[in-house]
Amino acid sequence: MKTVPGARPSGRRRTREKSAHRRSERRHALLFLAPAGLLLIAVFLLPTLVTFVISLEPEGVNPTPSEVFAPENLSQSGLQNYERSLNDSVWLSSMRTTVIFGAGMTVLGLLVSLALAVLINRVARGRAVLLALVLVPWAVPPVVSGTTWGLVVHGDIGTLNGVLEAAGLIDTYQVWLGEPLGALTAVIVATTWRWIPLMTLLLLAGLQQLERESYEAASVDGANSWQQFTHVTLPGLRPMLLTTGVLSLIWSTKVFDEIWVLTGGGPAHGTTVMNLWAYQQAFEFLRFGYGAALAYQLALATGVLAVLYFLVARRADQ
Amino acid sequence: MRFDRSRDPLLERVSQGEGGGLTRRELLRRSALFSAVSGLALMGCSPQGQEGGGSQNSRNLNVAVFSHFEELDRRLARRYKSSTEKGVKFEALVADNHRDKIIGSLRAGSSPWDVIPLWSFLTPEMASRGWLADLTDRIEEEFGSDFEQFVGGDAAFQNGLYEGRRYGVPVDVGGTILHWNKDLLEKRGLDPEAPASWHETAGSNEEFVRYAKELTFKEGGVQHWGFSDNWREQAAITFNTFIQMFGGQCMDLSDEQDAYGEVTFHEGPGVEALQFMVDLLHTHQVVDPASVTYDWVFDITPGYLDGRVGFISTWPFVAALAEDPEQSKIAGAAAHAPNFAAVTSATSQDPHYIAIPESAPGGVDAAWEYVRTRLSVPVQREQGEEGAWAPIYKDLYQEPAVREAFIQADVIVKSLEYPSSLSVTPDYMEWRSTLNTAISQALSQDKTPQEALNEAAEQVKASRG
């Protein structure tokens, strides 16, 4: 049918045009999203998949594409690396160390962060300066932080020893990093110090959402500061405390730099966490398959924590 | 009034693309496609994308060097260019993380370098994975079977062996030697020259302990220690020295075709060696307790150079440091000699190596020419005259300029006449880590030396399958 210039298109034709228009828009959207998508596949999905394949392959396979996907290596794939980890005493003890490290970092971090958040929340003048000071540890690179704390707890020239001896609390300098408990405590303190700023910010945000009326009502009822803290602040802050706590546990599974610099995982694997042992297997001992298998197990554990965080956060929203 | 696109002939033509006009949507579509194709084309044109690889600039050799050798290598590049007409492009690698950087490239199957530096103990590890070029025939062609021209004979080349073939060459020599503070010994009523001859006397390790006890005291609030060492990640090096002193070795590598050898560090001499370390720390209490947290040589030198530690056993270059008044309070009072002896004196030799990657972009032949230049007598002489890193040729130690620069020349040569093996295997990094853990357990008295070493030996055997 000949189109008359200027004539309004029919209803059916308008519908077809709209569908074609939408299809065209979708194509263009996909085209523009393609680079980001390819990047995501290249730097995340593909390495994740390849690493999983490596974790299933036998000893001695180098992680080049030609070796990973070589038929003779694929045909020998199995769970041998995962089975091996069940008998790896260092891996099993690293799980225990990771839990202790995570719990220590979380408890210490929450206590200090809560105190700082309450302080900042109460301060009217100079709050910006106080906040800036609190944020300083976050700006310090992890390796620098680890090295500095290493000097603080140094057995021969450490500041901590000097202060304690001057205060009469010790007679001789202690080698804090020379035994597992002292070393683990040192890495917990050093790591927590760097994460306190972020935890403080989260708790401060939670504090600022609490209703002033609740405090006024408590004050009218005769509650003192401590009672207001325990009966108003803490209950009101519980969702954020839980959220921050779970986040802290997730962060603790990623810690590497401070531990590596301070103790290298010693003494006698006393501070070897899962992250570190997986790294050593893959990059120090060049057992790529076994290291990949350990890394996947760690990712699984972190995934469980991530699900926990999701549930806690959703409950907090509700 | 609502705008009716259909009543505008121009817009109607644009939106329908009539008359050859480029619509906005079409322009955007073509731009996106062009960008994507251009990006792919650029990737395909990059050097890495080319078949067969190879340096785009075939006149340049790409050489990675340890940062502390960079100046010397840059000077030798002129010699290299004059003989080959090839320029050299350098990349300095910090010793601490050179392994990570090199492995990162080699395991991807390509090397950006023609020549690479290595700690000697890394050579079998890389050779076992096919990452290094076999240099056996070239070394034989260059030196024949005359290894007597080298300090310590064939010893410095041992760490480059894998299944009887050679994959790396040393550019210097040196193992740990004994350093001591003569003024401190004299102050405590000890003979400051006596340690110089301990290496010749079996059982002098007991005399060393006696001296170390006298040198452990507190004065004016300052604690002095008889001995300090780095017993965290480097504990296995000290243990390796001591086990050879007691007549043993960490691995039995007598079968050249068995690159992994047999674990022997848990046998008699090993237990004696570890017990010796435990006794120094706990029984005699002559070791700075912080030694268990010290990781490398620069953790122990401050106490020694400050005059608070009587003895250390470490690399020869510290002797030059100790004589520098800007860095040392004991300049003029520092002395050095081969280590004391139990059954014999011993050392742990760990020379700097250079090797050629199998995937060297310029080819192995071109890279070998550089290696030959690096090992040539004139370059080694220049290295010796700098006084920092000991040259590999024995004869150079008789030259006045080298002797003047190298105050520890005779000691280095003498120390390498004693057992000096590092027991290097392809899994050296792993078993050394296992051994470090065992040493740590024994030093903290969680386990006896025998228990700790037995457990470590079982772990090493299990990991080897």
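## A sheet and its aromatic neighbours in chain B

In this predicted model, strand E8 and strand E9 (residues 222-228) of chain B pair in the antiparallel sense, and 3 bridges join them. Within this pairing, Lys218(B) has Gln223(B) in E9(B) as its bridge partner. In general, the strands of a sheet are held to one another by backbone hydrogen bonds, in either a parallel or an antiparallel arrangement.

The two strands belong to an open sheet of 5 strands in chain B, whose order is E8-E9-E12-E7-E13 and whose pairing is mixed. Strand E8 (217-219) and strand E13 (334-337) of chain B are the edge strands, each of them pairing on one side only. From one strand to the next, the twist averages 25°. Helix H11 (residues 297-305) of chain B packs on this sheet, where it touches strand E7 (177-181), E9, strand E12 (309-314) and E13 of chain B, and the direction of the helix makes about 155° with that of E12(B).

Aromatic rings form a further theme, since over all chains the structure holds 36 aromatic pairs. Two of the pairs in chain B are set out below.

| Pair | Geometry | Centre to centre | Angle between planes |
|---|---|---|---|
| Phe242(B) and Phe340(B) | tilted | 6.1 Å | 40° |
| Phe246(B) and Phe276(B) | edge-to-face | 6.1 Å | 65° |

The pair of Phe242(B) and Phe340(B) links distant parts of the chain, 98 residues apart: Phe242(B) is in helix H9 (residues 235-245) of chain B, while Phe340(B) is in the loop between E13 and strand E14 (352-355) of chain B. Both Phe242(B) and Phe340(B) are buried. Phe246(B) lies in the loop between H9 and strand E10 (251-252) of chain B and Phe276(B) lies in helix H10 (residues 268-283) of chain B, so this pair ties together parts that are 30 residues apart in sequence. Phe246(B) counts as buried because its relative accessibility is 14%, under the cut-off of 20%, and Phe276(B), at 9% relative accessibility, counts as buried too.

These four residues also belong to a cluster linked by ring pairs, whose members are Trp198(B), Phe208(B), Tyr211(B), Phe227(B), Phe242(B), Phe246(B), Phe276(B), Phe311(B) and Phe340(B).

Rings in the model are also accompanied by charged side chains. In chain A, the charged end of Arg84(A) sits over the ring of Tyr290(A), at 4.5 Å from the ring centre. In chain B, the charged end of Arg374(B) sits over the ring of Phe69(B), at 5.2 Å from the centre of that ring.

Technical notes. Residues are numbered from 1 along each chain as its sequence is written. Chains are lettered from A and ligands numbered from 1 in the order in which they are written. This is a predicted model: local features need pLDDT of at least 70, side-chain atom pairs count only at pLDDT 80 or more; totals for chains, interfaces and linings use all residues. Side-chain values use heavy atoms; hydrogens and water are left out. Two strands pair if DSSP finds at least two bridges between them. Helices (H or I, at least four residues) and strands (E, at least two) are DSSP runs, numbered from the N terminus. Axes are lines fitted to C-alpha atoms, for helices over the stretch in contact, and angles run from 0 to 180 degrees between N-to-C directions. Contact means heavy atoms within 4.5 Å. Rings of Phe, Tyr and Trp (its six-membered ring) pair if their centres lie within 6.5 Å; planes under 30 degrees apart count as stacked, over 60 as edge-to-face and the rest as tilted. Buried means under 20% relative accessible area, exposed over 50%, partly exposed in between (1.4 Å probe, protein chains only). A charge sits over a ring if NZ of Lys or CZ of Arg is within 6 Å of the ring centre and within 35 degrees of the ring normal.
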